[in-house]
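Hi everyone, thanks for making time. I'd like to walk you through a structure that's probably new to most of you, so let's put it up on the screen.

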Amino acid sequence: VEQVAKDVAKYMNGFKVIVNKSTVPVGAGKWIKEVIKKHQTSPWHFAVASNPEFLREGSAIEDFMRPDRVVIGSDSEEAIAILKDLYSPLYLIETPFVITNLETAELIKYASNAFLATKISFINEIATLCEAVGADVHHVAKGMGLDNRIGRKFLHPGPGFGGSCFPKDTRALLWMAKQ
């Protein structure tokens with residue numbers, strides 16, 4: 001990441017918006033901004049923004065075209081305006097936008113993934129309890145999921161959570177909290 005930021009600084013020739021789409025530790029956007037400032041050959045005006053992706057495995061195109069929400073974090077009104085303009089087709093389908101600062105946008109991604117991992121872990125614990133008391137976990141999950149505050153998604157008992165994001169993001173969130 002540092003080398004990329006140095007390269008961006010070296011070849012900058014006018015106002016640019018550097019957008020981070022990846023899941024990064026809180027504070028990464030400010031760090032990238034400092035690295036670019038430090039290595040600029042001329043003092044060009046630029047902005048850094050966080051615009052995390054919320055894509056499910058097997059549904060990336062659909063999730064990109066019809067997202068639940070778009071998160072944009074920046075301390076630059078120019079960057080926010082440019083990104084909102086870039087996403088203007090999503091206004092037509094009334095996609096909610098969350099406009100915030102860098103740190104909040106960076107943390108929204110971790111908090112979302114950790115919460116989904118918690119739902120999966122929780123329903124698996126309820127499944128164990130259901131087996132012990134003779135209850136049907138599928139009916140319990142359906143009854144819970146009908147509560148709009150909880151929702152039906154990610155309430156399916158199974159082998160637990162996996163993939164490339166949930167384990168990594170829950171560990172990263174724990175590490176950030178300890179720091």
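Okay, let's start with a pair of helices. Helix 6, which covers residues 102-133, and helix 8, residues 166-178, have axes that come within 9 Å and cross at roughly 115°. Keep in mind that this is a predicted model. The crossing of these two helices is left-handed.

So who is touching whom? On the helix 6 side, the contact uses L107, Y110, N113, A114, L116, A117 and I120. Helix 8 brings F166, D169, T170, A172, L173 and M176. And what kinds of residues are they? Sorted by type, this contact has 10 nonpolar, 2 polar and 1 charged.

Staying with helix 6 for a moment, look at E103: its side chain forms a salt bridge with that of K30, at 3.1 Å from N to O. K30 is in helix 2, residues 28-39, while E103 is in helix 6, so this pair links distant parts of the chain, 73 residues apart. As a reminder, side chains of opposite charge can pair when their charged atoms come close. Over the whole structure, the search turns up 7 salt bridges.

Now over to M65. You'll find M65 in helix 3, residues 60-65. Leaving out residues up to four places away in sequence, M65 touches L90 and I93. From M65 to E94, the C-alpha separation is 12 Å, with their positions 29 residues apart along the chain.

M65 also belongs to a nonpolar surface patch, along with L55, I61 and F64. How much accessible area do these four have together? About 440 Å².

That's my tour, happy to take questions.

Terms used: Residues numbered from 1 in each chain as written. Predicted model: local features only at pLDDT ≥ 70, side-chain atom pairs only at ≥ 80, totals over all residues. Heavy atoms only, no water. Patch = residues over 30% accessible without salt bridge, like charges linked within 9 Å, V, L, I, M, F, W, Y side chains within 5 Å. Areas by Shrake-Rupley, 256 points an atom, 1.4 Å probe, with all protein chains shown as cover. Helix = DSSP H or I, 4+ residues; strand = E, 2+ residues; numbered from the N terminus. Axes fitted to C-alpha atoms, helices over the stretch in contact; angles between N-to-C directions. Left-handed = near helix turned anticlockwise from the far one by under 90°. Contact = heavy atoms within 4.5 Å. Nonpolar A, V, L, I, M, F, W, Y, C, P; charged D, E, K, R; others polar.
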